[in-house]
Amino acid sequence: MSLSVHVEKRLGPAGGSFTLSAKFESEGRVTSLFGRSGAGKSTLVNLIAGLFRPDSGAIRIDDTTLFDSTASIDVPAHKRRIGYVFQEGRLFPHFSVRGNLLYGHRFTRKQDRWTKLDEIVDLLGIAALLDRRPASLSGGEKQRVAIGRALLSSPRLLLMDEPLAALDQERKGEILPYIERLRDQMRMPIVYVSHAVDEVSRLADTVVLLDAGKVIAKGTVNDVLGSRSEMIAEGPEAGVVLIATVRVHDQVSGLTHLAHPAGDLSVPLSSLAIGSKVRVRVRARDVALAVGEPGRISIRNRLAGTVSDITDMTRGGVAVRLDIEGDPLIASVTRDAVRDLDLKVGDPVTALIKSAAFDPLSFGNTTWP
Amino acid sequence: MFDALTQTEWEAIRLSLRIATVAMIASLPLGVAVAFILARCRFPGRTIVDGIVHLPLVMPPVVTGYLLLLLFGRRGPIGAWLESTFGIVLAFRWTGAALACAIMGFPLMVRAIRLSIEAIDSRLEAAAATLGAHRMAVFATITLPLMLPGLIAGMLLAFARALGEFGATITFVGNIPGETQTIPTAIYTFIQVPGGEFDALRLAVVSVVIAFGALIASDVLARRARRKVFGQ
C-alpha cells in the first residue's frame, strides 16, 4: 500500500486562523501522524477519510485517486473503503456488538470482502461480547469492537485517531498488542494518529511529525524521535527505538532480559514470547554515559558504543549520539559532564540505562524491520 | 354508560378518532422532513420557515381556520384548483377537519422530532459513512432509529392536539353531525341546548378516557423504543 497526501485546508473561526498544509507519502505499514494536540493530525485523517474536504491538493491510495482538486475528483467517504477507528469508539448504541461488527460488512461488495467475522472476533478476543450492547462494555472492550467493526468493512487502509487516548495506562497496555497483531499478522496498512510517544514508538514504521498544521519531520521512528529538530531534541521524549530479542524471563527478580548486539537489557517483567523480537524505546534523558569500566554501580544495563555526534542544545544540555553495533542511541547529558569526561566523536563509551526507566508500555512485539 | 351513547355521540367519537389519526399520519412525513431541515440545515430564510411552522401555535385558531377557508374554500385559490383538478373538496368535509387538525398539531410534532434529531450525535452518522453506508442508508439505519422516541412523542402531541382542536375546525368545516362534528364541537353544541349538560358531561368523560389511553400507549411505545435503541 502506498499513500500519498498533499493537501491544504484553512481551519478555525472566520477562516484562516490556521492553515493545515501537509504533504507526505507513505509506503510503511504503519504511518504515524504525531504531534501535539491541535497540530492538525485529526483534521488530516478526516481529510483522508473524506469526512472533511481539502481546499486544494490530492490524496491517493496506490493507483486510486480519492481526491484531486485540479481534476475535480472527490470520492465520497462511503466509497473510499477506508476504515476509521475513532477516539471515542462511536459504536452504534441501538445495535448489539454483533450488529456493530457487521454494519460495514453489509455495505461491502462480496468481491471486496477479505475479512470474516470469526477471524476478526478471534483476533480481537471479543467472542464473549457479541450479544452485548455497547452501553454495557468497558472502554477497552469498546475500542476493540470499534477496531473489529472497521476491519470488517474490508478496508484497504485503516485510520486510527488516538484510539487509546481515552483509556488508562492499563487498558492501553491491553489494546496495544492487538494493534501490533493487525500490523504483523494481518499486514493491515494503518495511519495512526497519536500524541503519545510510547504508542508511536511501538507501532510506527513511518512517522510524520506535525506542528501547527505543518509537517516538520518525517522518516522512520528513529529519524523522527532522534531528530535534531528543536521541538523533539529539546523535549522530554527525545530518544530512539531499539530492536532486541526476548532472551529469558526472571520471575524472581521481576525482570525480562532482552538481547541486543551491544549488550543485554533488563526491563520490567513482561509476558512476551521468548525468542520474539521487541521494540524498546530508550529516552535520551534515561541514558547516562561512562568512559571505561563504570565500577560498582547499581545500573545493570550497559551498552557498548562509540560517540558519533555531540550537539549542544539551546537549554544548556548536550545530546550525545552513539553508535551501538549499528543502532543509534542518544544520551542527554550536561555540558559539565561532557567536559569532565572529555568526550569527543569516535570515543568508546558505555551507555547506562536503569531497568526502572523502562515503563511497561514502552516495549512490545514487532516483526519489523 | 356506553349503551347510553346516542348515534350522534358515537359518530362524533368515531369522527374525532379518524380525523386525529389521519391528521397525525398524513403530517408525519412532512413533519420529519421539516424537523430534519430545521435541525441540520443552515440556509438563508431558515428563521422564516421556523416562524411559519410555529405560526399555528401562536395565532388564534379561529384565524387559522379563517385562512384555511380563504385558501382551501371552494372559491379559494387552492380549494378551487383542488376541486377542478382532482375533484377534492375540503371545506365542510371531514378531510378538511383533518387538514385543520394537521396544521394545528404540526408545530408540536416538528418541535418534538427536531429536538430528538438535535440530540443525535452526528459523529455516529460520520462513522456509518466511513463503514460504507450512503446517505439514505445512514438515515434509515442510524438517524431514524435513534430519533424514534422523539418521533413517538411528536406523534402523540399531534394526535392530542387534533383531538382537542376546536377553533380552526369549526371555522373551516363547521359543525355538521356525521361529517365534521367532532367531540369538542359536539360538546359545544350540547352546551348550547337547554338540558344538554348531561350529554356534554358524558362526551367529556369519553374524551378524558381517549386522551388517557393515547398517553399510556405512547408512553409504552416510547419506553419500548428507548429500550430497543439504547439497550438496558
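Two strands count as paired here if DSSP finds at least two bridges between them, and in this predicted model that rule opens the way to a hairpin in chain A, where β13(A) and β14(A) are joined with two residues between them. Six bridges link β13(A) to β14(A), the latter covering residues 263–268, and the two run antiparallel. Within this pairing, A:Leu258 has A:Leu265 of β14(A) as its bridge partner.

On its other pairing, β13(A), which spans residues 255–260, meets strand β12 of chain A, residues 239–250, again in the antiparallel sense and over five bridges. Here A:Val248 is matched with A:His257 of β13(A). The hairpin of β12(A) and β13(A) has four residues between the strands, and in it A:Gly254 adopts a positive phi near 70 degrees.

Further along chain A lies an open sheet of five strands, arranged in the order β16-β20-β17-β18-β19 with antiparallel pairing. The edges of this sheet are taken by β16 (287–290) and β19 (327–334) of chain A, and because each of them has a single partner strand, one side of each is left without a neighbour in the sheet. From one strand to the next, the twist averages 45 degrees. Inside the order, strand β17 (residues 301–312) of chain A pairs with strand β20 (residues 348–353) of chain A over six bridges, in the antiparallel sense, and A:Gly305 is found opposite A:Val349 in β20(A).

Chain A as a whole is divided into domain 1, residues 3–225, and domain 2, residues 239–364. Taken over C-alpha atoms, the centres of domain 1 of chain A and domain 2 of chain A are separated by 33 Å, and their contact draws twelve residues from domain 1 of chain A and ten residues from domain 2 of chain A. On the side of domain 1 of chain A that touches domain 2 of chain A, the elements giving two or more residues are α5 (169–184), α6 (197–203) and α7 (221–225) of chain A, with α5(A) giving the most, six residues. By class, that side of domain 1 of chain A has four nonpolar, four polar and four charged residues.

Chain A also offers a helix pair to examine, in which the axes of α3 (residues 117–124) and α4 (residues 139–151) of chain A come within 10 Å and cross at roughly 150 degrees. Since angles over 145 degrees count as roughly antiparallel, α3(A) is therefore described as roughly antiparallel to α4(A), and their crossing is right-handed. The residues making the contact are A:Ile120, A:Val121 and A:Leu124 of α3(A) together with A:Arg144, A:Ile147, A:Gly148 and A:Leu151 of α4(A), and by class they divide into five nonpolar, one polar and one charged.

In chain B, helix α1 (residues 7–40) and helix α5 (residues 94–118) pack at an angle of about 40 degrees, with their axes 6 Å apart, which means that α1(B) is oblique to α5(B). The crossing in which α1(B) passes α5(B) is right-handed, and the contact of α1(B) with α5(B) has 22 nonpolar, three polar and three charged residues.

Finally, the two chains meet, with 21 residues of chain A in contact with 18 residues of chain B. On the side of chain A that touches chain B, β7 (82–85) and α2 (97–107) of chain A each supply at least two residues, and by class this side of chain A has eleven nonpolar, seven polar and three charged residues.

Definitions and conventions. Residues are numbered from 1 along each chain as its sequence is written. Chains are lettered from A and ligands numbered from 1 in the order in which they are written. This is a predicted model: local features need pLDDT of at least 70, side-chain atom pairs count only at pLDDT 80 or more; totals for chains, interfaces and linings use all residues. Two residues are in contact if their C-beta atoms, placed from the backbone, lie within 7 Å. Ala, Val, Leu, Ile, Met, Phe, Trp, Tyr, Cys and Pro count as nonpolar, Asp, Glu, Lys and Arg as charged, and the others, Gly among them, as polar. Domain bounds come from an automatic or database domain assignment. Axes are lines fitted to C-alpha atoms, for helices over the stretch in contact, and angles run from 0 to 180 degrees between N-to-C directions. Angles under 35 degrees count as roughly parallel, over 145 as roughly antiparallel, 65 to 115 as roughly perpendicular and the rest as oblique. A crossing is left-handed if the near helix is turned anticlockwise from the far one by less than a right angle, and right-handed if clockwise.
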